[in-house]
Amino acid sequence: MKRNILGVEANFLQPTKEANESSASLVQDGKLKSCIAEERLSRVKLDGRFPKKSIEEVLRLEGLDISKIDAIAVPFLHFTKTNYKYFKAAISTFFDTGVFLGKSIRKFAYFTLYNKLKSPKQHTYELNGKKFDLIYVDHHVAHASGAYYCSPFEEALVITLDGGGDGLDGSVYVGKGAKLIKLFEIPHFQSPGTMYSGITLDLGFKRHRHEGKITGLAAYGKPDLGKMGLDDLITYNKKKHRFISKKVAKHHRNLNAKSNYFYPLMDKFSKEDLAGAAQLILEREVLKFIEDAVDVAKSKGFNPEKICLAGGCFANVKLNQRILELPQISNLFVYPAMGDDGLSGGAALYAYYSQPGVTSKQNSAIEEIYRGGDFTNEQIENALKAAGLAYKYEDNVEVAIAKLLQEGRVVGRFNGRMEYGPDPWKPISISFTSLIQQ
């Protein structure tokens with residue numbers, strides 16, 4: 001039985017290239033322990049470089065050396081399987097939309113064959129002098145595992161949705177006991193996540209970084225999809241169990257270019273209305289997806305009233321609110337590190353719970369997501385001195401903060417361990433003396 005499993009989100013097979021958001025996590029006896037995104041240590045936003053700092057910090061926090069690590073799990077499939085799934089997605093996209101992703105089809109077909117013939121079936125990696133056979137975990141399985149195993153539910157519908165990974169844009173599982181049971185998958189190239197990234201770029205922001213700004217801007221918009229010609233930009237097809245969009249498929253020919261669906265409308269409609277249109281389409285079509293997933297789960301004999309969510313699309317809090325409001329859904333759990341920085345934890349969790357003999361997930365539910373390092377008052381003081389900043393020590397920092405706020409000052413408080421994921425999702429009470437900068 002593998003007890004200590006290190007999950008690593010990185011471009012393992014091409015270490016000189018970057019992943020989306022690299023991170024490291026440690027699962028011990030089925031419980032998610034320390035988890036750190038590399039950006040928290042390197043101070044580079046969404047750092048995708050190999051997470052050497054994160055790995056070292058996770059081991060330090062858990063008091064483990066490499067000899068105690070039983071396995072390394074990574075959230076990607078072998079090249080052969082990944083490229084074959086992208087190839088299949090490109091073919092299905094052609095039959096859905098008539099859009100021929102010629103270069104993509106040829107590229108994925110070539111690399112599927114090349115990797116099948118040339119690439120080793122199993123990659124090994126040496127870490128601190130110890131060699132490991134990497135445990136491959138599908139990108140969306142890793143998302144789903146993080147969501148389900150960290151939830152308090154013993155049975156739940158598990159949904160993933162993002163801009164793509166391992167040839168898929170999403171997936172639907174039922175979590176029951178210690179197992180994930182696959183119901184269906186959403187092929188790549190037509191995701192509402194890609195649609196939403198399109199408007200993010202069109203409005204001058206960065207894809208995969210500033211989508212939250214669009215969510216905020218959308219609240220001020222009053223979109224008329226019919227007038228905009230966007231009513232059928234993307235639709236969820238319940239018969240095919242996937243999203244269909246000819247324009248989003250075409251956009252995949254160059255994702256770094258302005259979109260062919262929102263950008264041409266910028267002279268006619270306000271930025272607020274265009275953002276509102278993207279939000280409206282996202283909510284409308286994803287809700288159809290959720291309802292379809294509920295129906296499929298019920299048809300298989302499951303009770304899907306509780307739902308677990310992961311993947312970048314579920315960083316959209318307005319969408320999550322709409323999902324919880326569905327009459328079919330009684331309770332909802334969103335994996336706190338729902339983006340790719342959470343894949344390391346999900347991969348390690350799946351590697352543990354897929355072992356023969358593991359029959360319960362009672363040890364896996366989390367109550368908080370403060371899984372990174374913390375700092376002593378001495379460390380904080382040394383950092384302030386090194387930066388040449390003025391400071392004052394307070395025995396009762398809460399009272400001092402209240403006085404500053406009463407004076408109209410702005411206060412930022414650094415307190416406790418680093419959170420895992422974009423935002424702290426459940427506050428915890430920590431009582432200790434602290435240092436505040438004046």
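Let me start with Phe-100, which at 45% relative accessibility counts as partly exposed, in what is, I should say at once, a predicted model. Its partner is Phe-94, and the two rings form an edge-to-face aromatic pair, with 6.1 Å from centre to centre and 80 degrees between the planes. Phe-94 is likewise partly exposed, because its relative accessibility is 35% and the buried class ends under 20%. Across the model the count of aromatic pairs comes to 14.

Staying with aromatic residues for a moment, there is one cluster I would like you to find on the screen, and it is formed by Tyr-148, Tyr-149, Tyr-352 and Tyr-353. One member of that cluster, Tyr-148, has Lys-361 lying over the face of its ring, at 4.9 Å from the ring centre.

Now to the helices, and to H6 in particular. Two packed helices are described by the angle between their axes and the distance between the axes. Which way does H6 run relative to H10? The axes of H6, residues 192–202, and H10, residues 271–299, come within 10 Å and cross at roughly 175 degrees, and since angles over 145 degrees count as roughly antiparallel, the two helices are therefore roughly antiparallel to each other. On the H6 side this contact is made by Pro-192, Met-195, Tyr-196 and Ile-199, while H10 contributes Leu-274, Ala-275, Ala-278, Gln-279, Ile-281, Leu-282 and Val-286. Sorted by class, these residues divide into 10 nonpolar and 1 polar, with no charged residue in the contact.

H6 also meets H7, residues 211–218, and here the axes come within 9 Å and cross at roughly 85 degrees, which means that H6 is roughly perpendicular to H7. Tyr-196, Ser-197, Ile-199 and Thr-200 of H6 make this contact with Glu-211, Ile-214 and Thr-215 of H7, and by class it has 3 nonpolar, 3 polar and 1 charged residues. Tyr-196 and Ile-199 take part in the contact with H7, and both are also listed in the contact with H10.

Next, helix H2, residues 52–62, where Ser-54, Ile-55, Glu-57, Val-58 and Leu-59 are buried. What covers these buried residues? The cover includes strands E1, E2, E3 and E5, together with helix H1, residues 39–42. Just after H2, Gly-63 takes a positive phi of about 65 degrees.

Helix H1 itself holds Glu-39, which is buried, with a relative accessible area of 16%. Leaving aside residues up to four places away in sequence, Glu-39 touches Val-44, Lys-45, Leu-46 and Asp-47.

I would also like to point out two backbone positions in loops. Most residues other than glycine have a negative phi. Asp-166, however, has a positive phi of about 55 degrees although it is not a glycine, and this residue lies in the loop between strands E8 and E9. His-241, in the loop between strands E11 and E12, has a positive phi of about 60 degrees, and it too is not a glycine. Are these two residues buried or partly exposed? Asp-166 counts as buried, at 7% relative accessibility, whereas His-241 is partly exposed, with a relative accessible area of 24%.

Last, please look at Val-397 in helix H14, residues 397–406. Val-397 is buried, with a relative accessible area of 1%, and from C-alpha to C-alpha it lies 9.7 Å from Arg-413, with their positions 16 residues apart in sequence numbering.

Conventions:
Residues are numbered from 1 along each chain as its sequence is written. This is a predicted model: local features need pLDDT of at least 70, side-chain atom pairs count only at pLDDT 80 or more; totals for chains, interfaces and linings use all residues. Side-chain values use heavy atoms; hydrogens and water are left out. Axes are lines fitted to C-alpha atoms, for helices over the stretch in contact, and angles run from 0 to 180 degrees between N-to-C directions. Helices (H or I, at least four residues) and strands (E, at least two) are DSSP runs, numbered from the N terminus. Angles under 35 degrees count as roughly parallel, over 145 as roughly antiparallel, 65 to 115 as roughly perpendicular and the rest as oblique. Contact means heavy atoms within 4.5 Å. Ala, Val, Leu, Ile, Met, Phe, Trp, Tyr, Cys and Pro count as nonpolar, Asp, Glu, Lys and Arg as charged, and the others, Gly among them, as polar. Rings of Phe, Tyr and Trp (its six-membered ring) pair if their centres lie within 6.5 Å; planes under 30 degrees apart count as stacked, over 60 as edge-to-face and the rest as tilted. Buried means under 20% relative accessible area, exposed over 50%, partly exposed in between (1.4 Å probe, protein chains only). A charge sits over a ring if NZ of Lys or CZ of Arg is within 6 Å of the ring centre and within 35 degrees of the ring normal.
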